[in-house]
Amino acid sequence: MSQYPCSNCGANVEFAPGTSVLKCPYCGAETPLAPTGVRVREHAFAEFAGLPRKPVTALAANVFTCRGCGAVTQSDRISDRCQFCGAPLVADTTGGEMVAPEAVLPFGLDRDALREALRKWASSRWFAPNGLKKVTEAESSHSTYLPHWTYDASTTSRYTGQRGEHYWETETYQENGETKTRQVQRTRWYSASGVVARDFDDVLIVGTTKVAPKHLDALEPWPLADAQPYRPEYLAGHETLRYDVEPETGLGEAKSRMASVIERDCRDDIGGDEQRVNSVDTEYRQVMFKLMLLPVWIACYLHAGRTYNILVNGRTGEVAGERPYSVPKIVAAIVAALIVIGLIIFLFSLRRNG
């Protein structure tokens, strides 16, 4: 377990979002994070599959012993705060029982930036109750690193399908006893087959089931190029969830996402006016992966007795989550729309009759 005492007053320092320093929350002293020279590594999935490790369900909780007050607490998080004195705690991830993080995208938004992101989001919500503006002062908010898997692969796919080419025929039909003709579009289908290849880089898969995937997906894109090699100092003062999605499960999801891209490649290769893809046989080579920690502010607020959750991208400020709707505003908008439509019909009738 790691804690980082302030060189000035001895209190525990925390990573300051948007900087490269550890800052003391009491005296304000800063400790720069010196470069380590370490680079982000990716691991060959084939080699990893044969290594001994415990399944996530069998992992014991991390035991934290606070050096400040001496309290002992247990948590399934990688980093947390002491339940008694609030000091930041960071667990050792080198035990070998689970996959250790290789990269972290450090927080870029502090609490002031969080409030501004929430203010802009709240002000842009149509049909929201007037009280929604209070979301800038949420009931609770905490900075949390969420685990994500990234996967790389080189793929070669052999496909079979059909290419459709449009042509036109003249069709004769009867209308009111009169014979007429019209042009009708037809499609001629031809067998097609071929090979397409594509390299995938950093296909991102959420590594936790504790946060709604639809809200996390809405926080994309992430500036993954800004990720840094993992070091526990980035986690000090912030919560970090431990992954509960196994890397094998993540790879299956990644291949599913790759498959949709590969099918589009097959359709492009088939050409023509329409395409049918009957079968795709994909070979995956050089499959690489890593565990990455991404920064998310998790906030919640109360409205009309209900709790709403909001997620904020800790780098870009993108906001996603739940929001209430104002029934009076919606009703007023519907009534206004009906009045406008009725006025248009009335004016049109006057013009037509005049």
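This tour goes through a predicted model, stop by stop, with a selection to make at each one.

**Stop 1: a helix**

Select residues 247-270, which form helix α4. The helix contains 24 residues, and the distance from its first C-alpha to its last is 34 Å, close to the 34 Å expected at 1.5 Å a residue. Now colour P247, G250, L251, A254, M258, V261, I262, D265, C266 and I270; these residues of α4 are buried. When considering their spacing, recall that an α-helix has 3.6 residues a turn, so residues three or four places apart point the same way. Next, move to G271, which follows α4 and has a positive phi, near 75°.

**Stop 2: the nonpolar cores**

In soluble globular proteins, nonpolar side chains tend to be buried together. Select F15, Y145, Y234, L235, I310, V312 and V319. Within the largest nonpolar core, which has 31 residues, these touch the most other members. Add α2 (111-123), β14 (274-303) and β15 (306-313) to the view, the elements that give two or more residues to this core. Which element gives the most to this core? It is α2, with five residues. Then select V203, V245, V261 and L291, which are among the 25 residues of another core, lying apart from the largest one. V261 has been met already, as one of the buried residues of α4.

**Stop 3: the largest pocket**

Select E14, F15, R81, G237 and H238. Of the 19 residues that line the largest pocket, these lie nearest its centre. The volume of this pocket is about 400 Å³. Show β1 (14-15), β7 (77-81) and β10 (140-175) as well, since each of these strands supplies at least two residues of the lining. How many residues of the lining are nonpolar, polar and charged? Six are nonpolar, five are polar and eight are charged. F15 deserves a second look here: it lies among the residues nearest the centre of the pocket, and it is also one of the residues that touch the most other members of the largest nonpolar core.

**Stop 4: an enclosed cavity**

Rolling a probe the size of a water molecule over the atoms shows where empty space is left. In this model, the count comes to one cavity of 30 Å³ or more. The largest cavity holds about 40 Å³ of space. To find it, select H148, L204, I205, V206, L216, D217, E220 and R257, the residues of its lining. β11 and α3 each supply at least two residues of this lining, and β11 gives the most, with three. The lining comprises four nonpolar residues, one polar residue and three charged residues.

**Stop 5: a cis peptide bond**

Stay with E220, one of the residues that line the largest cavity, and add P221. A cis peptide bond joins E220 and P221, with omega about 5°. P221 lies in the loop between α3 (213-217) and β12 (228-229). For comparison, most residues other than glycine have a negative phi, and most peptide bonds are trans.

**Stop 6: two residues with positive phi**

Select N176, in the loop between β10 and β11 (178-206). N176 is not a glycine, yet its phi is positive, about 55°. Is N176 buried or exposed? N176 is exposed, because its relative accessible area is 78%, above the 50% cut-off. Then go to Q286, in strand β14. Q286 is likewise not a glycine and has a positive phi, of about 50°. Q286 is exposed as well, with a relative accessible area of 61%.

**Stop 7: four cysteines**

A disulfide is a covalent bond between the sulfur atoms of two cysteines. Select C82 and C69, then C85 and C66. Why does neither C82 nor C85 form a disulfide? The sulfur of C82 is 3.6 Å from the closest cysteine sulfur, in C69, which is too far for a bond. For C85, the closest cysteine sulfur is in C66, at 3.5 Å, and this too is too far for a bond. The cut-off for a disulfide is 2.5 Å. A search of the whole structure finds zero disulfides. C82 counts as buried, at 5% relative accessibility, whereas C85 is partly exposed, at 37%.

**Stop 8: the last strand of the tour**

Finally, select G321, in strand β16 (residues 319-321). G321 is partly exposed, with a relative accessible area of 25%. Add C300, which is 21 residues from G321 along the chain; their C-alpha atoms are separated by 9.5 Å.

Note on methods:
Residues numbered from 1 in each chain as written. Predicted model: local features only at pLDDT ≥ 70, side-chain atom pairs only at ≥ 80, totals over all residues. Heavy atoms only, no water. Helix = DSSP H or I, 4+ residues; strand = E, 2+ residues; numbered from the N terminus. Expected span 1.5 Å × (residues − 1). Buried < 20%, exposed > 50% of the residue type's maximum accessible area, 1.4 Å probe, protein only. 1 Å grid on protein atoms, 1.4 Å probe; cavity = no way out; pocket = protein on both sides within 12 Å on 5 of 7 lines; lining within 4 Å. Points joined across faces, edges and corners; volume = space filled by probe spheres on them. Nonpolar A, V, L, I, M, F, W, Y, C, P; charged D, E, K, R; others polar. Core = buried A, V, L, I, M, F, W, Y, C linked by side-chain atoms within 4.5 Å.
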